[in-house]
Amino acid sequence: MKKILIIIALCLPFLVQAQSGKIDFVEYKLDNGLHVILQEDHTTPNIVISLMYHVGSKNEDPNLTGFAHFFEHLMFEGTQNIKRHEYDKYVMNAGGNLNANTFFDRTYYYELLPSNELALGLWLESERLLHPNIEAIGIKTQKDVVCQEMGQSRDNQPYGRLLTETLKRAYTVHPYQHDVLGSEEHIRNASDQDFIDFHKKFYVPNNAVLTIAGDFNIAEAKKLVHDYFNDIPAGAPVIQPPMNEPVKTAEVRDTAYDNIQIPAIIMAYHIPGMKSDDFYAVSMLNTLLSAGESSRLYSTIVNDEQLAMELASTPLPLEHPGLSVILALPNMGVDLQKLENAIDQEVEKVKKEPISDKELQKLKNQIENELVSSNSTIASRAENLATSYTYYNNTNQINEELGKYMAVTKEDLQKAAQKYFTKENRVVLYYLPNKK
């Protein structure tokens, strides 16, 4: 069952970005609106060059979903000066590696290179920002690639549609109602012009953050950044979609079927976006409930009562209001309603009784350890710096995050549980094996 939780963990990444030691950085904007963050660290002879675009699945037309993830792939197709299938070879031949990932609110591309290859990394990213190849052959190729990925990682994967089925019941208006991979039908039927239009709108300097972290000289980096990026034309201002999901007033209950052997229960509570002060309390509540075998839910329901074989509680951290998801797989012969009642009892305890000082300190120690670990490499630090600016418009969020968690009180935790962990604010989904 560990594999199941790994799948969920990939769907619900817990983004944290801070550490107890202050992270120094330099930031500025180019004339075209590109935000630049430079973080010098000479610990190892390596550098990370990355671009984060403020575009994810929430920016998509509801009739043309999966475009942000599609461009995660297409942007490796080549440029006017880089032949098809040659982009990654520049990095590999230099002894580095590269990748990209897409989430609901942003898309992230990066290269990890030896420190003497700064110019190469900047040239590569400037090339695909300025003039990537968005043409019929590449579009056709990547349609096949991303649709195959939908099948392998979601549609034909046991429990792969857990998040998908939850989202479409949790949201009625907001584009979070569809997952990051989107619809195969939309991708297959989209025209080349649809993709060109999407690219022109979102993949522009004024909607991106360039981050360099590692072993480099700031003065040299500034000159190279100017030379490679400053003359790239800005695009029209990008307007993010509104936070228009109605406040929930009634519990949503439903049943979904999949090609699985063991049923599951999902409880998804609506929570505030990452910029809200309440998000820190809600995030800590999830740690309290299920982080480790001594957590509230795990110790009681898995270990003591033996009602579940696996259980997790995870916040879905989003720019707009997201979800806190409790997932449980029952032990053989355990009725899902009984398992649901047991989970509800533990949640009610948090709402009715403040946690102890000892438990609060343990909780803060867990959070601090996770935050410190989250910036232990230049790769993670580069992404966290970019995330801080993209989500908060405040790069120093990376240094402020820990203080905001440490400021959460027992009373804050109880109030957050009472406000957000209510039945009228949730989706309850019974995820069952296909009927025979």
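## A salt bridge within one helix

Arg128 forms a salt bridge with Glu125, and their closest N and O atoms are 2.8 Å apart. The model is a predicted one. Both partners sit in helix α4, which covers residues 118-130. They are 3 residues apart, about one turn of the helix. Are Arg128 and Glu125 buried or exposed? Both are buried.

Side chains of opposite charge can pair when their charged atoms come close. How many salt bridges does the structure hold? The count is 31.

## A bridge between distant parts of the chain

Arg426 and Glu340 also meet through their side chains in a salt bridge, at 3.3 Å from N to O. This pair links distant parts of the chain. Arg426 belongs to strand β11, residues 426-433. Glu340 belongs to helix α12. The two residues are 86 residues apart. Both Arg426 and Glu340 are buried.

## A network of charges

Some salt bridges share partners. Which residues do they join into one network? The members are Arg154, Asp155, Arg161, Glu165, Lys168, Arg169, Asp179 and Asp254.

One salt bridge pairs Arg161 with Glu165. Their closest N and O atoms lie 3.2 Å apart. The two partners fall into separate accessibility classes. Arg161 has a relative accessible area of 23%, so it is partly exposed. Glu165 has a relative accessible area of 10%, so it is buried; the cut-off for buried is under 20%.

## The annotated domain

UniProt, in an unreviewed entry, places the feature "domain: Peptidase M16 N-terminal" at residues 36-176. In the model, this span is 40% helix and 19% strand. How far apart are the end C-alpha atoms of residues 36-176? They lie 28 Å apart.

Helix α4, residues 118-130, carries the Arg128 and Glu125 pair described at the start.

## Cavities inside the model

Rolling a probe the size of a water molecule over the atoms shows where empty space is left. The structure holds 3 cavities of 30 Å³ or more. The second largest cavity has a volume of about 40 Å³.

Which residues line the second largest cavity? They are Leu285, Leu289, Val347, Val350, Ala417 and Phe421. By class, the lining has 6 nonpolar residues, no polar ones and no charged ones. Helices α10 (278-290) and α12 (336-352) each supply at least two residues of this lining. Helix α12 also holds Glu340, the partner of Arg426 in the salt bridge described above.

## Two residues with positive phi

Most residues other than glycine have a negative phi. Two residues are worth a look here. Gln306 has a phi near 55°, a positive value in a residue other than glycine. Where is Gln306 placed? The residue is in the loop between α11 (296-304) and β9 (308-316). Gln306 has 53% relative accessibility, so it counts as exposed.

Asn393 is not a glycine, yet its phi is positive, at about 55°. Asn393 is found in the loop between α14 (378-392) and α15 (397-406). Why does Asn393 count as exposed? Its relative accessible area is 56%, and the cut-off for exposed is over 50%.

Terms used: Residues numbered from 1 in each chain as written. Predicted model: local features only at pLDDT ≥ 70, side-chain atom pairs only at ≥ 80, totals over all residues. Heavy atoms only, no water. 1 Å grid on protein atoms, 1.4 Å probe; cavity = no way out; pocket = protein on both sides within 12 Å on 5 of 7 lines; lining within 4 Å. Points joined across faces, edges and corners; volume = space filled by probe spheres on them. Helix = DSSP H or I, 4+ residues; strand = E, 2+ residues; numbered from the N terminus. Nonpolar A, V, L, I, M, F, W, Y, C, P; charged D, E, K, R; others polar. UniProt positions renumbered as here; feature names shortened; annotations may be inferred. Salt bridge = Lys/Arg side-chain N within 4 Å of Asp/Glu carboxyl O. Buried < 20%, exposed > 50% of the residue type's maximum accessible area, 1.4 Å probe, protein only.
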